[in-house]
Amino acid sequence: MKMTKFFAWLAIAVGVIYFFVPLLGTFEFSLRMRRGEYSFDAYGSVFSDAAFRATFGFSMLMALLTIIFGMLLIVPTAYWVRLRVPQMRPVMEFITLMPLVIPAIVIVFGYLRLYNSSSYIPFTGSTFGTNVLLVMSYITLSLPYMYRSVDTAMRTIDVRTLTEAAEILGAKWPTILFRCIFPNVMSGVLSGAFITFAIVMGEFTMAALLNRPAFGPYLQLVGANKAYEPSALAVIAFAITWLSMGLLQLVSRFSKMAPSRA
Amino acid sequence: MSFLVLDGIKKSFGQTQVVKDFHMAIEKGEFVSFLGPSGCGKTTVLRMIAGFENPSDGTIFINGRNQSGLKTSQRNIGMVFQAYALFPNMSVFDNVAFGLKVAGMSKADIDARVKEMLRLIGLEHLADRYPYQMSGGQQQRVALARALAPKPQVLLLDEPLSALDAKIRVSLREEIRQIQMKLGITTVFVTHDQEEALSISDRIVVMNAGRADQIGTPSEIYNRPATRFVASFVGTLNIIDAIVVDPAANTIRIGDNIITLREPIGALNQGDTVSIALRPEAGSLSESATGDTALTGTVVSTHFLGSVVRTRFTAGGNQISFDMFNAPDKVLPQPGETVTLRFAASDLLVVKE
């Protein structure tokens, strides 16, 4: 029994060292910009960089649009599959898992071939079109996480009976979806949203190959040309991810406090 | 024309026909129960009235209006589900107000109607609670108030008491009946619990394999079961296999007992087997019992059930149960003992297969 406990602690210690020592090292290095003393100069330099603000703002906007349009696509789809075609669930699971199997670079090359400026749907022919394509590619990338979180939330409520209860009270589809179903899967929607946010903020391949000024390519650019700022950016990127994870936990806890039961 | 008419309803799912040529006419304000085992089609009929399923054939009329082609939301029907189906994100008040808001009523009217409904179910003080903060019985009462709030023309109850514990079930079914009588609303109640159906219905439809085996008052269903299925499903009826002795004289034989029936069996032949039903409470062992018919057999077992004692004996290969009221000084028949059960010949019913 004692040996088991020892190995459990050993495993935890190894894990902590593996994950936290590099992070601590990066953080420590990011504070060394000023010679001979610790300072937040690297962070000051990053935050005062106009390119940082522009790319960060751009990625935030893209993340927001990805979340809105992704949810508008996924919530009704997951709802419909559960309600009307439950036999299609394995197919949906398979489709939504595809972005995990197909590398992002393959997807984006596919996009470039299909939607280039000389194609029938020339998304890349304009800045707006390319941005639309980028949002669509982000929706594709976040599909596995968004669909699962929404579908899991739907599992906790009796979608069919709630729909029928609303229907017999005279409600039509938009009312049923937005007043009876959507609020009850909000925890899943928010979980999916935070994961999507974290993915979009750090995504490089799609943005770089579609030549959009996103945060991911900026991280790469700074990393290639500067010394201390990349470490500061890495810590900032971690902070963003952790903030998303923290909010996700908070949302899950609130949803546990108010269990939805049909 | 009756208020709710089901005219030749049929329903098939793929190759399986779950409702077979179902006819029923329900009067305004009547409380009708669909009683039957799982899979007999009772819920499917209810769902067709609600509009959740479309009949494969036949027509449903409510207040003279053909419901074919009408969506569920257009039928003005209230429904209470087995699983409560309250909206988890809404308070009790908002749940009850939902149908009224959808109908576009004014805020003042909604407020007044919701309060009236909550008063009706005695939960006015819980208006701000959420479903997860309430017991099953309270949730089901809210579901009833929600269904009644928009003043539906028909109320459908889909096994609303099944998920509740025994005590709450009894009190809530009485409450449902009182509210139904007070509002005079035409109600269809689906249940597999015969006691529930017998206690609150004006009429009962006993369903078996997609058909209505018998439609009648609780007393008719219990005392005059039309088929062997109804006899076995409703109450604990003894079904006795007897041999026809003389069809013209209506005499049958059960073991060594020759019995004359009141019901004619002239259509049968001598030596045919006929199913006879006898309620456990119909007979008595007492020598002074007034029954004109006697059945002798050997006691197999005696079970103490509280207010009654149930004794099982065999006669002509049949196991027959009868109930006696419990009394502290009563001497109970012992296994192996020969007993004679006395009852009126009119208590014996010939049942169809």
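Helices (H or I, at least four residues) and strands (E, at least two) are DSSP runs, numbered from the N terminus. This is a predicted model, in which local features need pLDDT of at least 70 and side-chain atom pairs count only at pLDDT 80 or more, while totals for chains, interfaces and linings use all residues. Residues are numbered from 1 along each chain as its sequence is written, chains are lettered from A and ligands numbered from 1 in the order in which they are written, and side-chain values use heavy atoms, with hydrogens and water left out.

**View 1. Two residues of chain B have a positive phi without being glycine.** Asn76(B), with a phi of about 55 degrees, lies in the loop between strand 5 (65-66) and strand 6 (77-80) of chain B, and is partly exposed at a relative accessible area of 35% (buried means under 20% relative accessible area, exposed over 50%, and partly exposed in between, with a 1.4 Å probe and protein chains only). Tyr84(B), whose phi is near 65 degrees, belongs to the loop between strand 6 and helix 2 (92-102) of chain B, and its relative accessible area of 5% makes it buried. Most residues other than glycine have a negative phi.

**View 2. A salt bridge crosses between chain A and chain B.** Glu164(A) in helix 7 (residues 159-168) of chain A pairs with Arg47(B) in helix 1 (residues 42-50) of chain B, the closest N and O atoms being 2.5 Å apart; a salt bridge here is a side-chain nitrogen of Lys or Arg within 4 Å of a carboxyl oxygen of Asp or Glu. Both Glu164(A) and Arg47(B) are buried, and the count of salt bridges between the two chains is one. The contact (heavy atoms within 4.5 Å) takes 22 residues from chain A and 24 residues from chain B. About 2100 Å² is buried between the chains, 66% of it from carbon and sulfur atoms, where buried area is the accessible area (1.4 Å probe) that two parts lose on being put together, summed over both.

**View 3. Salt bridges within chain A include a pair that links distant parts of the chain.** Arg148(A) and Glu93(A) form a salt bridge with their closest N and O atoms 3.2 Å apart, joining helix 6 (residues 127-155) to helix 4 (residues 89-101) across 55 residues of the chain. Arg148(A) is partly exposed at 25% relative accessible area, and Glu93(A) is also partly exposed, at 25%. These two residues belong to a salt-bridge network with Arg82(A), Arg89(A), Asp151(A) and Arg155(A).

**View 4. A nonpolar patch lies on the surface of chain A.** The patch, whose members include Trp9(A), Phe19(A), Phe20(A) and Trp242(A), has about 1200 Å² of accessible area together; patches are made of residues with over 30% relative accessible area and no salt bridge, like charges being joined within 9 Å and nonpolar side chains (Val, Leu, Ile, Met, Phe, Trp, Tyr) within 5 Å. Helix 1 (2-30) and helix 12 (229-257) each supply at least two residues, and the largest share, seven residues, comes from helix 1. Phe20(A), placed in helix 1, is partly exposed with a relative accessible area of 41%.

**View 5. Helix 9 (residues 186-202) of chain A agrees with its expected span.** Its 17 residues should span 24 Å at 1.5 Å a residue (1.5 Å times one less than the number of residues), and the end C-alpha atoms are 25 Å apart. Among the buried residues of helix 9 are Gly188(A), Phe194(A), Phe197(A) and Met201(A).

Methods
Areas by Shrake-Rupley, 256 points an atom, 1.4 Å probe, with all protein chains shown as cover.
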